[in-house]
Structures are given as structure tokens and as C-alpha cells.
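Hi,

Here is the structure I said I would pass on. Have a look at it before you read my notes underneath.

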Amino acid sequence: MLQSLQPPSDPLPALRGWHPGEQAVQAIIHLPERVAITAIVDRLPEQHRIFHTSRLHFLPVTTLDQQGRPWASILFSHDGMPGFISSPTNALLAIKARLWPGDPIIQNLSQFHDRKLLFSGIGLEVSTRRRNKFSGYISNVSLRGLDVDLTSVITQALGLCPKYINIRSIMPFHRTSPRLIYERFNLGDRERLPDDVIAFIHAADTAFLSTSYVAAQEDEDTYPSRVGVNHRGGRPGFVRVRPSDGKTLVLPNYAGNRMMNSLGDIHITPVAGIVFPSFSTGSILYLTGKAENLYGASARAIMPNMNIVSTICVTGFSFVENAIPLRETGPSERSPYSPPVCYLAEEKPPSVSFADITLNLIKTRVLNDTLMTLTFESSRPVEINPSQNCVLELSEFLRKRSHALLDWEEDESTVNDDCVRTWTVSTPPAPDTPCTLSLTMRAIKGGLITPILYQLARSVDPQLTGEEIDVAGLKVCARLRGVGGDLPVPEPLAACDGGRRLLWIAGGIGITPFLSLTRHVTNLAAQGFGIWDVTLVLATREPEVMLGLIQEAFVNKPSCKIDGCQSAPSLTFSIHVYSPRQFKLLEPFPPFVSLILHEGRLDDSGALFGSVDAKDRESHICGPLPFVLNAMKSLRSAGVDLERVKRERFTY
């Protein structure tokens, strides 16, 4: 009998709140909430199902052993290809994987006797930095030799930010021959890790951390027990091993999505596991042990310059060579967020360390009561493509210089802040100004860095003139940690190839990557490169300011053919503005720009995107998470393939 298939219902919030450990850690570091608990949903969104089942070459997971210790493992198909995961429903994942001797999951799965085994995983695509995680429990297991089939019921799912993931190009490797080098699932109190294992850790730039939250009996109904797995990444050697005992790993805590899932788990249940894969050799190292979080002075006493660290005193490990059926095909691309390696107080760091580029603040411009543009000059030329962002470290400004320039006092909420922030570059360096870049940003209520920067900008323009003010004499500087960004830079297409049709969707300050892209496209069109049809959809409560920034992006250099009074036959540019209020423009747009005003908010019916032929355009979204989700729904309603939509969101 055939049954009609009902469309899956939208996922609902999975939890009633952060569990006691997460709440405790958030309170310890005085962390303002950045991601709502409702971001964690009770089943797999459709995009997660597609991602897990079609994109993943491997799946890091967490299981518990008989002692309750979490172990991180990484599951692969027998040939290293995607497709070893299926999703029969939006609450189930079925996994068929090939294991090898030494993987702790073999013993952990053998505990399954028709009872729930807590389980979690994180889907990560190293070529794009995309990742989504889930947790739940195993409902069925079949072990046949080294082949495992398991089914997991999903009770929590969450999309994550891409920070600290190093981009890799990987391909299947069919000449694996797993060789178990060490298998010490129970390490003695006085035993140390072998030197080659420590060297392997110090060479790693990628790890996956497994944790466990065991709820108190009175909390089980509200905050149920679970296990978790999260990505940890940085520059090679970012995880250190204490020389004094040769078995305690020290993990620096880099600022991420601010949920504090892993640290919160450790706060309540002080155990953790970690797995280090090598995509160059195929070796893999599994460890588990007693875990502890350290804050402030206690953290800095072990790892200077780090205000939060987690330690794992290893109680068991296993090391297997030539096991992973994947190999990287070239050097990895370091995440722009990764700071230089922090060495331990008991280590002697190398004599030559990484030196980041210095940025000196030369101009400020106050746009309204929260928005500003800051212009910096770099110590040497830096390449930044349109739509990219830069990662700045402002500890020197926050801890010292700001106190000399402004009247403010630090409190306990600033102690553990790493002073690292990411902003999209609204005006990137140009050939004639290779060391100059501008950032347009908002002073975040309850934030630390942006309100102080805004206070500085406002102090030199108290009348809110909106003019650029020269502030080079204030000697404010930052360090450039790196450059990143996911939105692609469009290249010109000739008329015979159909030209380039773009759809840019911006929510509020999410306009910033499209400012530099507008300059890029206008400049190319002015030089006769390509045919361009651009539609920009902007949702904003500040239409005058945002449209003013867009108008400025149309101002071309003297070398270009277009000025404000001429048309651009190779460029048509339509702007749809959603705003809750009416407004007037002070200056008109160039003739090749059309402006369409809409009242209220962008809905999810897909009507607008259908009217602009979104299915036939390259769609890019940037904005806060609720806006991105709503825009994705609207695109889906208009028949757009969401896998082809590029998106960035502000969640960290």
C-alpha cells in the first residue's frame, strides 16, 4: 500500500535553556548572550540533511566508554567518498562506516543492548568551512567485523560558525593499511605520552573535542544528559602538552559562537576526549582524560596571554598510522581567525614568532548614533578582495591607549576578552592606495570594543557632522590577524555568455560586503568588462544611511568612464528597500540605478524573489541569523536551489 509523503515540518526549539554548566561558564566570563537557545532545534533542518548525506567525506562523533569517559572518533566510508550517511527522516541519521583496530568506538558500541547510547556528531566540509552539528542517541547498531551500521535519533541540531577551520582540498586514498602503534585505553598515573605522540599533537592544526554532560537527577527533565563534539583548530601546535608531566594537554579557548557548550559540559562533568587526524599521512590519535577549565590568572599562569584554557590529563589513548582513507592534495589554507601559537609558561618558545601586520587608525566618520566608518593604514600592502573581512586584535588599544584617550574603566566583564573582532571591509585597498582600507561597523549595545571605538569617533566629531576626521595623531593601532570571507568575487561575463546576473540580499549592517562588491562591479562595468544585471534587496531601519553608503560606492575613480551623470550601458542595478518608515534621499542615484521602495519586512512568500527571477541569479545573503533564515525561506518559496545560495551571518 502506497502512503502519501507529508512534507517535513519545520524544526522547533529543542531546549528550554542553557544547562547549568553553560550558564555557569557564561556567568564566570560575564558573556553577553549572542546566540539564542532557540537556534538549537529538535530535528535536522532540510539543509542539514542534504549536507550530511551528500557533502561529507567524514564524520567526527562522540561516544562514551564503560567508565563514562567521552571518546572522539571519526567515521569514514570504506572508500573515503561521501554518501555513507543517509537520513530516512528529519529525526534520523543512518551511518555505514568502516572502522579499524584501535578506534575506541568499537568497544563503546559493543555496550549497545537495546538501550540508548548517547551520541553526537559534527558534519564538517573542509573545502568550504561549512559545519553543522547534532546530538541524540543510538537506536540501533550492527557490527560485522570492522564494518558498522548504526542509526541515530536526532534530538538537537545546530548550524555553526566557520571560525578556525583550515581549508583543505582532500581526495579519497585507497592504499591505506591501518597499523596500530599504541593502544593504552587505561594509562597509569605516572605514565607519560610517548615522544612521537607529543610531536604529533604539536604538529596538528585540527582536532575534535568530545564532552559529556551528565545531568543531576533534578535537572534531567529540563536539561537532559547529552554528549557533544566540537571542532578545534588553529595554527600547527595550537594544542600544547605540558612538559612537566608529559600527559596534560592545554587547549586555548578562542572566541567562537559564545554558547560555551564544551566548557559548560566540562564544568559539570570534568572529562573530555579529543581526536587529532592527519590528512597528510592518514594517522589518527585518540585521547581521553580528566578535564578542567581555567580562567583569568589561573589560565595565564599555564599559558600566558590566554584568559581561558581547558586542560585534559590523559587517562587513555590510541594511535593508528595510515588509517584515514583521505589525503590532502596540497597545502592547507590557514583560517584568518587563528592567532599565533601560545606557548606554555614552562616551555621555551621559538626565537622567531609570527608577526602580524599593524593597522594605524587614520580617519573616523560617524554616520549616526550607532554606525561609523574607520579608515586604517597598514604597515605594508595587504591584499583584500571585495566582500572579504579582516580579523583585528585590539588588546593594545583596549588595555592601554583607550584609557589615555577616553574616560572609562574596565570591569570584571573585560578580563577574559581576547580583544579579537571580525569586520567586513567596506572599502578594500586599491592599486593606488594599497595600504588603506575602511571598515563600516555598528556599536553593539552591551559590547566592549565597538562602543569604545564609537566613543572615540564621536569625541572628535561631537556635532555629528558626518565628515571624515583625521585621527592619525591619536596613535591608535590594531594588529591584523588575517583576512577571510565566504562571498565570492564575481568575474565579468560577456554578452555572448549571458552576462552576470546577481542577487544580493542584505539585512542591516549586512550591507557591508556588498559595498565593496558594488565598487568592484561598477569599476569593471566602467572599463567595459562584462555585462552586469544586479539586484540588491536591502532590509534596514536606517535607509538614509545605508543608501548613502551605496551611493558613495557608485562614485568611481577618475580613470573610470562613468560619472554620476552618465549611464552605464553594461550595468543595470536595481535596489529593493524594505523599511518600516518612509524616507527621502538627499542625492539621486545614477541613471543606471532603479530604486523600489517596500513597506514593512521582507516576507517568506517568495513573491519578490520570483518577480526578479531569483532562480536565474547568483544569490548571496549577508545579515543576522533570523534575517538569513527568513530570506532562505523566501528563496525556497521562489523555487531557488538553496544549495547554490552563498550566505554569511553575524553570530560571533
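Below is what I found, starting with the whole chain and then going through some helices and single residues.

A word on the source: this is a predicted model, so local features need pLDDT of at least 70 and side-chain atom pairs count only at pLDDT 80 or more, while totals for chains, interfaces and linings use all residues. Residues are numbered from 1 along each chain as its sequence is written, and side-chain values use heavy atoms, with hydrogens and water left out.

**The whole chain**

The protein chain has twelve helices and 30 strands (DSSP runs numbered from the N terminus: H or I of at least four residues for helices, E of at least two for strands). Its radius of gyration is 26 Å, close to the 26 Å from the globule rule for 652 residues, so the chain is as compact as a globular protein of that length. That radius is taken over C-alpha atoms, and the rule is 2.2 Å times the number of residues to the power 0.38. Along the principal axes, the C-alpha trace spans about 75 × 70 × 50 Å.

Of the 652 residues, 56% are buried. Here buried means under 20% relative accessible area, exposed means over 50%, and partly exposed is in between (1.4 Å probe, protein chains only). The accessible surface comes to about 28,000 Å², and 51% of that belongs to carbon and sulfur atoms. Those areas come from the Shrake-Rupley method with a 1.4 Å probe; for residues, only the protein chains shown count as cover.

Contacts (heavy atoms within 4.5 Å) reach a long way along the sequence: among those with a separation of 6 or more, 76% are between residues 24 or more positions apart. As for charge, there are 64 positive and 66 negative side chains, and the centres of the two sets lie 2 Å apart. Lys and Arg count as positive, Asp and Glu as negative, and His and the chain ends are not counted. Each charge is placed at NZ of Lys, CZ of Arg, CG of Asp or CD of Glu.

**Three helices**

Try α12 for a quick check of helix length. It covers residues 625-637, and at 1.5 Å a residue its 13 residues should span 18 Å; the end C-alpha atoms are 18 Å apart, which agrees. The expected span is 1.5 Å times one less than the number of residues. Leu-625, Phe-627, Val-628, Ala-631, Met-632, Ser-634 and Leu-635 are buried in this helix. Just after α12, Gly-639 takes a positive phi of about 85°.

Helix α5 (residues 261-268) is mostly covered, with six of its eight residues buried. Those are Asn-261, Ser-262, Leu-263, Gly-264, Asp-265 and Ile-266.

In α3 (residues 105-109) you'll find Asn-108, which counts as buried at 4% relative accessibility. Neighbours within four places in sequence aside, Asn-108 is in contact with Thr-63, Leu-64, Asp-65, Trp-71 and Leu-117.

**Loops and a strand**

Two residues other than glycine have a positive phi you might want to look at. Asn-305 has phi near 80° and sits in the loop between α6 (296-302) and β16 (308-321); at 69% relative accessibility, Asn-305 counts as exposed. For Asp-613, phi is near 55°. Its loop runs between α11 (607-611) and β29 (618-624), and Asp-613 is partly exposed at 37% relative accessibility.

Glu-410 is in the loop between α7 (395-405) and β21 (420-427) and is partly exposed, at 31%. Beyond four places in sequence, Glu-410 is in contact with Leu-398, Arg-399 and His-403. Glu-410 and Pro-172 are 238 residues apart in sequence and 52 Å apart in space, C-alpha to C-alpha.

Now for β24. Val-483 is in this strand and is partly exposed, with a relative accessible area of 23%. Leaving out neighbours within four places, Val-483 is in contact with Pro-336, Val-382, Glu-383, Ile-384, Gln-388, Asn-389 and Cys-390.

The loop between β24 (477-484) and β25 (500-507) holds Ala-495, which is exposed at 57% relative accessible area. Ala-495 and Glu-321 are 174 residues apart in sequence, and their C-alpha atoms are 54 Å apart in space.

Cheers
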